[in-house]
Structures are given as structure tokens and as C-alpha cells.
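Biologist: Thanks for sitting down with me. Could you walk me through this structure and show how each label is earned?

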Amino acid sequence: MAFIAPLLTRIYSFYSGTTLRITLSLSHAGMCDMGISMSRSSLERLQFDNVALRKLPQDMSTEHGVRQVRSACFSKVQPTPVKNPRFVAVSGPALALLGLDAEDVLKDQLGPEYLSGSKVMPGSEPAAHCYCGHQFGQFAGQLGDGAACYLGEVKAPADQNPELLHENPTRRWEIQVKGAGLTPYSRQADGRKVLRSSIREFLCSEAVFALGVPTTRAGSVVTSDSRVMRDIAYDGNPRMERCSIVLRISPSFIRFGSFEIFKRADEFTGRQGPSYGHDEIRTQMLHYVIETFYPEIHQSHSDIMERNTAFFREVD
């Protein structure tokens, strides 16, 4: 699969002294440009327009730990910083969706901090999305972003190729960091991802896109000196692995499960969505999705019932 080769040129193995020096030299080059260019890097100049947080209800609780989140589609969170974050991989084409140049990002002294969630970019509003779903064939109730963190929605460059916006009428790209620490939806997990799974997601995301399949894009992988325990071979012999974070890019991370937070008690498990009975929020979310991602349907039907029917026919 020849399309993977260009991606591999951007993967720097921190296990190898030689390739580690390549990464460090790029960072050193960025340090030579102090002053205004450092205070306003390309990442700091990203134009955020976080519409989802303005139009959908947020859980503003500061309560720590895992909990059921009711009457909200998002929870405000703060990503947990990692020690000594550094780039392992970047995808130039994916970063270009945000108007970013891969070389500029690699040279940015604060780039690994921003793209690991260790430092919050200007305009970013970190949050975790509440959704439900099925696991092992049964309705599991509340799931949510247990390891991912919404950073915000970035306006696409004015000259972005229309082909790239074919599935994205909003002209905004939602970005999130996966592996950025605990959220109210982490359950028994630690909110972290490790290097092997992060590289796997990075390569598979970009490879699937290269095959012409609409998918979430992967902009970067950042690793760190922070570590978590994982049973790699599932043989009862866990060991410490490096915490690593993937930057994910998509028109939206709202999904079918986002609407299942309103699900009534499941007939098999008895579990229900945490916002069951809050029909006003369900209507609010439905209106947001149609208006934002199906503007032609929104504009073609003044009658709400007709509009909703047209939407369900479209997604059926």
C-alpha cells in the first residue's frame, strides 16, 4: 500500500538515538525564532468557533470523578498534562485541514503541549461529549468520551479545496485529543492511551482516508514520559507504557449514540440514557444536527414535521 509510505516519513521513533535527534533538531530550529512569532504561533492563531458548545447544553459541574451526567450533551473538563510531551508523528494533509503547515507545527516549541492537551490553545474550550451505546450485544447506558477531549471547532481556511468540504458543510473542523486523561465518562479506566495503540490509530485513520472512505483524520501523535500500566499480551504480565495522545479531526464527533442519552429503559438490561425524559434537549440536538450538517433539508422545509421526516429519510 504505497500511500502509507509518505506517512512513515513523519514517524520519529524515540527509541532510536538517531531519530530522536531529528525530532530535537526540529524543535531547536523553532527556538531560534523567539519574539512575536513564538508568542503567536500557527497553533495559537487557529480560529476557533465552538458552535456545539453554544447550541447544546453543557454540564458545568466541577465535581471530580466518574458520574452520571444528566441534562447535558457535554461536560467541561481540563485535559491532564503529560511529562515532556514530544511528537512521534504528524500528518501534513490532515493538519492542512486546519490551515496548519506540518513543518511549522514540528518547529513550534509548544506544539507537543498544545496537541497533547497539556496546554490549552487560545480559543479552545475543552469538553467531553456524553453519549450512550451498546457493548457486547447489550445496551450499556452512558458511555461518553472516557479518554477523548473536545478542544473546539476550527474554521477551515478560506481557500480549502471544496472536495475536502464535501462532507462538511459547516466549514469547521472539530478537533479532539484522545488519551488526554480522566473525564466524567472514564468509568474504571484512566483516560490514557499508549504509543502502540496511538500509532495504530494514526496510520489506520490516514490509510482509510487514502482509500477513499470518509473517516476521522489523525493530525498527530504525541508521546511523553508519563506512564500507565497495561497488560500488552493479556497474559497477566502488565508493564508500564508511555502515555500518548492522538489529535483527531472530523466535521463532528456527534453520533447515533449521542441521541441514545434520551433512551428509555432498555427491555433487556434495564439501563436507560442519563437524559431520558428530557425531550426538550433531544429536540434541541435534532434541530442542531439538521441545521448544521443538513442545511439543504433545513432550508427546504419550514414545517418541522416535514423537515424531521426528510432528515430521517436521508440518514435511513
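Biologist: Let me start with the whole chain: what percentage of its 316 residues count as buried?

Modeller: In this predicted model, 49% of the 316 residues count as buried. The chain comes to 12 helices and 11 strands. Among contacts between residues at least 6 apart in sequence, 68% join residues at least 24 apart.

Biologist: What makes strand β3 largely enclosed by the rest of the structure?

Modeller: Strand β3 covers residues 86-90, and 5 of its 5 residues are buried, so the rest of the structure largely encloses it.

Biologist: And how do you know that β3 pairs with β10?

Modeller: Pairing needs at least two bridges, and 4 bridges join β3 to β10, residues 217-230. Those two strands run antiparallel. As one example, Arg86 has Thr223 of β10 as its bridge partner.

Biologist: Now Arg172. Why is Arg172 called buried?

Modeller: Buried means under 20% relative accessible area. Arg172 has 11%, so Arg172 is buried. This residue is found in strand β8, residues 172-178.

Biologist: What makes the pairing of the Arg172 and Glu153 side chains a polar contact?

Modeller: The cut-off is an N or O pair within 3.5 Å, and the Arg172 and Glu153 side chains make their contact at 3.1 Å. Leaving aside neighbours within four places in sequence, Arg172 is also in contact with residues including Asp49, Val51, Pro251 and Thr292.

Biologist: You mention Thr292. Where is Thr292, and is it buried or exposed?

Modeller: Thr292 sits in helix α10. With 10% relative accessibility against a limit of 20%, Thr292 counts as buried. A polar atom of its side chain lies 2.7 Å from the backbone oxygen of Tyr288. Beyond its neighbours within four places in sequence, Thr292 is in contact with Pro169, Thr170 and Arg172.

Biologist: Which helix gives the most to the largest nonpolar core, and which residues touch the most other members?

Modeller: That core has 61 residues, and Leu46, Phe74, Leu98, Leu115, Met121, Ile175 and Ile249 touch the most other members. Helix α10, residues 279-293, gives the most to this core, with 7 residues. There is also a second, separate core of 7 residues, which includes Ala89, Leu195, Phe202 and Val221.

Biologist: What does Phe74 contact, leaving aside its neighbours within four places in sequence?

Modeller: Among its contacts are Leu53, Leu56, Pro57, Ala127, His129, Tyr150 and Tyr185.

Biologist: How do you know that the span of helix α8 is close to the expected one?

Modeller: Helix α8, residues 195-210, has 16 residues and reaches 22 Å from its first C-alpha to its last, against 22 Å expected at 1.5 Å a residue. Its buried residues are Leu195, Ser197, Ser198, Glu201, Phe202, Ser205, Glu206 and Ala207. After α8 comes Gly212, with a positive phi near 90°.

Biologist: How do you know that Cys132 and Cys130 are too far apart for a bond?

Modeller: A disulfide needs sulfur atoms within 2.5 Å. The closest cysteine sulfur to that of Cys132 is in Cys130, 5.9 Å away, too far for a bond. The structure holds 0 disulfides. Cys132 has 3% relative accessibility and so counts as buried, whereas Cys204, with 44%, is partly exposed.

Biologist: What makes the positive phi of Ser71 worth a remark?

Modeller: Most residues other than glycine have a negative phi. Ser71 is not a glycine, yet its phi is positive, about 65°. Ser71 lies in the loop between β1 and β2. Arg171 is another residue other than glycine with a positive phi, near 60°, and its place is the loop between β7 and β8.

Biologist: Why are Ser71 and Arg171 called partly exposed?

Modeller: Partly exposed covers the range between 20% and 50%. Ser71 has 29% and so belongs there, and Arg171, with 36%, is likewise partly exposed.

Biologist: Last one: why is Asp266 called buried, and which residues does it contact?

Modeller: Asp266 has a relative accessible area of 11%, under the 20% limit, so Asp266 is buried. Its place is the loop between α9 and α10. Leaving aside neighbours within four places in sequence, Asp266 is in contact with Phe139 and Arg271. Asp266 and Phe139 are 127 residues apart along the chain, while their C-alpha atoms are separated by 6.9 Å.

How values were computed: Residues numbered from 1 in each chain as written. Predicted model: local features only at pLDDT ≥ 70, side-chain atom pairs only at ≥ 80, totals over all residues. Heavy atoms only, no water. Buried < 20%, exposed > 50% of the residue type's maximum accessible area, 1.4 Å probe, protein only. Polar contact = N/O pair within 3.5 Å; in protein donor to acceptor, adjacent residues only side chain to side chain. Contact = heavy atoms within 4.5 Å. Expected span 1.5 Å × (residues − 1). Core = buried A, V, L, I, M, F, W, Y, C linked by side-chain atoms within 4.5 Å.
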